[in-house]
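Thanks for asking me to look this one over with you. Have the picture open while you read, and take the points one at a time.

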Amino acid sequence: MSDREAQTALAAAIAQNRRNERLTRAWLLAPALTLILAISILPLAITVVYSFLTPGTYGGVTWEFSTDSYVQFLFQRDIFDDSLVFNSAYVSIFLRSIGLALGATLGALILGFPTAYFIATKPREQRNIWLFLITLPFWTNLLIRTYAMLLIIRDEGLINIMLMKAGIISSPLTILYTDTAVFIGLIYSFLPFMVLPIYASLEKLDFSLVEAGYDLYANRLKVLFHVIVPLAKPGIVAGCILVFIPGLGAYITPELLGGGKKLMIGNMIAMQFGASRNWPFGSAAALILMALVILVLLANALAARKGASRNG
Amino acid sequence: MKTVLRLLATASAVAFASSAAMAAGELNIYNWGNYTSPEMIKKFEEKFDVKVNLDGYDSNEAMLAKVKAGDTGYDIVVPGDYMVKVMIGEGLLEEVKPNTMENFKNVDPKWVDVWWDPGRNYSVPYQWGTTSFTVDTAVYDGDIDTLALLFDPPEVLQGRINMLNDMNDVINAGLRYLGYGRCNGNQDELREVLALLSKAKPHWRTMDYAVIEKLTSKDVDISQSWNGAAMRARAQRPTLKYAYPKEGFTGWMDNVAVLKGAPNLENAKLFINFMMEPENAGLTSNFARYANGILGSDKFMEPEMLSAPEIVMPAGAPEPDFVTPCPQEVVDLYNKIWTQLKQ
């Protein structure tokens, strides 16, 4: 066998081997891909298709193409006469939800950062106990925890009774069934999502950098904002995203603590599949919500890339 | 891996065999939550050696959505009046002819020729009641029989009101207060209704279905309410009084019906007949606290039920108004009003 023949044979064998490998890989990936297709892509595809159909008389859809669901989001054919006018109702429902989610994110950040810092600066063997305490509420269902919060802040609840017994107030504070109650509920529910990623960043923080800062005559505030916060930024961003996104779609918290007088995105979408009998519009609203979330994530990814190139 | 597979195969075979064995004696009921007497179910299970599975929903619309999606495995549903008519029209109910069954003679004649199922070919009465509101008379001691308490509340009740989180109940009450007809497509009148509701809304503290809990926790002092719920709330807050507003109030009836394609059709028919027996209707009323439309059931009801002001309407109260399903154009208008109101 000449050298050249040997080389060709070897190349063929390698190519065959690669093909086999590729086939094996495809087979091994197939179950996972099928599952992803079935539980993630397929439902989403159904939602997209439904959003372009016409509502059936008693729920369901009629197979007739229509873009009405998207038009309806911004315009209404009439509340009473038949002209196409701008309708702010759904936009204002979205804006209020975004406002509440942003507020809750900010609140969780203000409470969560010091908590994470506190845990990260404890001796290593104590940290696990603190982390355990942070995750403890997750062992209970969200509905139950929200209900417990309702018992605490209601007119004849724990807070009001204590304040009244202490003589600080004479009549109960009205907290329950206001936006404040929704804020409290959202912050309480999602706080661990803020603490854990920030803790993960702070845990890796090299505290000799903090000492270096002091050595260079920085005061505490300067050290915080010029050394610690920049180094913890990945955790802060992750925490904010993890609080903002579920806050935006929250359903139970506004329903229970908000008193149901105002619709939030989640409740508005749920209504379309029930009393409103308009599945296409519900689908469209869900997709618009998803588009919003993707925009937030994209903006974040862009900002991260810009930051990376500046630092690198 | 092989062992795991074999185990799985065995397990599923066992599960299949056991479900096949059970299927002969099962009945799957889909009823409103917290609305089915456990005693009555136990009696049915023992009498016919049937295993009853119970599942719950919280609105006619939620039930319809699930049933329309198909393949629920349920045999029995308990739709409200208008929903019976909708479901018959959509071909979702089995025509089981309760009017030919043995116990049909017990059905109060006034509940036989009803508009949602004339002559009762599909359904039988389960419970019926009214939707009005209930007020704490210790807080407000004036005349309570007017919808003004909800829409133009006196100062002591402002900010202390719960409305049902229900488009139809709220809009219908508004229409009655203004003296306009139900299922109303008249745009000028609806414009007035929207103005009325928007003006009243700042006085409402909550809009929620959890009537009993809102009242007994003293979160509110007045709440739109079903009569049975008002009675259950009064048990814990004795100064509550159920109102029969002079402008009118809603009447409704929930009905037992069999789904088309019910897997246990024969058991479902047994259950329909069973529910027309006075004792079983009485058990249901004792639990859910509503009247039932079966003659002779009062003998089996708690004495307190027979004289309760929530059930026995005072002389001079208006007749309950059974609201028919509205055409889609009107539902669309109602939706817009509702969304405007809650934006």
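The notes below go through the contact between the chains and then the contacts between domains.

1. Before anything else, please keep in mind that this is a predicted model. Everything that follows describes that model.

2. Let us begin where the two chains meet. On one side, 35 residues of chain B take part in the contact, and on the other side they meet 36 residues of chain A. Together, chain B and chain A bury about 3200 Å², with 51% of that area on carbon and sulfur atoms. If you wonder why an area is quoted here, the size of an interface is often given as the accessible area lost when the parts come together.

3. What holds charged partners face to face across this boundary? Between chain B and chain A there are 4 salt bridges. One to find on your screen pairs A:Asp155 with B:Arg205, where the closest N and O atoms are 2.9 Å apart. Polar contacts also cross the interface of chain B and chain A: 14 residue pairs qualify, both residues being at pLDDT 80 or more.

4. Which parts of chain B supply the surface that touches chain A? At least two residues each come from α3 (60-69), α7 (187-200), β8 (204-207), α8 (211-216) and α13 (328-342) of chain B. The biggest giver is α13(B), with 10 residues. Sorted by class, this side of chain B holds 13 nonpolar, 9 polar and 13 charged residues.

5. Now turn to chain A by itself. Its domain assignment gives domain 1 (3-83) and domain 2 (88-277). The centres of these two domains of chain A, taken over C-alpha atoms, are 35 Å apart. Their contact involves 8 residues from domain 1 of chain A and 4 residues from domain 2 of chain A.

6. How much area do the two domains of chain A bury between them? The figure is about 520 Å², and 64% of it lies on carbon and sulfur atoms. Within domain 1 of chain A, the residues that lose the most area to domain 2 are A:Tyr58, A:Gln72 and A:Phe73, which together make up 66% of what that side buries. The count of salt bridges between these domains of chain A is 0, and the count of residue pairs in polar contact, both at pLDDT 80 or more, is also 0. Helix α2 (residues 68-74) of chain A provides the largest share of the domain 1 side, 3 residues. That side divides into 4 nonpolar, 4 polar and no charged residues.

7. Chain B has two domains as well, and each is written as two stretches: domain 1 (25-128 + 252-307) and domain 2 (129-250 + 313-342). Their C-alpha centres lie 27 Å apart. Here 17 residues of domain 1 of chain B touch 15 residues of domain 2 of chain B, and the two domains bury about 1400 Å², 62% of it on carbon and sulfur atoms.

8. Last, look at what makes up that contact within chain B. There are 0 salt bridges between its two domains, while 5 residue pairs are in polar contact, both residues at pLDDT 80 or more. On the domain 1 side, α4 (81-89), β11 (250-258), α11 (278-288) and α12 (303-307) of chain B give two or more residues each. The largest share, 4 residues, belongs to α4(B). By class, the domain 1 side of chain B has 12 nonpolar, 1 polar and 4 charged residues.

Notes. Residues numbered from 1 in each chain as written. Chains lettered and ligands numbered in written order. Predicted model: local features only at pLDDT ≥ 70, side-chain atom pairs only at ≥ 80, totals over all residues. Heavy atoms only, no water. Contact = heavy atoms within 4.5 Å. Buried area = accessible area lost by both parts, 1.4 Å probe. Salt bridge = Lys/Arg side-chain N within 4 Å of Asp/Glu carboxyl O. Polar contact = N/O pair within 3.5 Å; in protein donor to acceptor, adjacent residues only side chain to side chain. Nonpolar A, V, L, I, M, F, W, Y, C, P; charged D, E, K, R; others polar. Domains from an automatic or database assignment.
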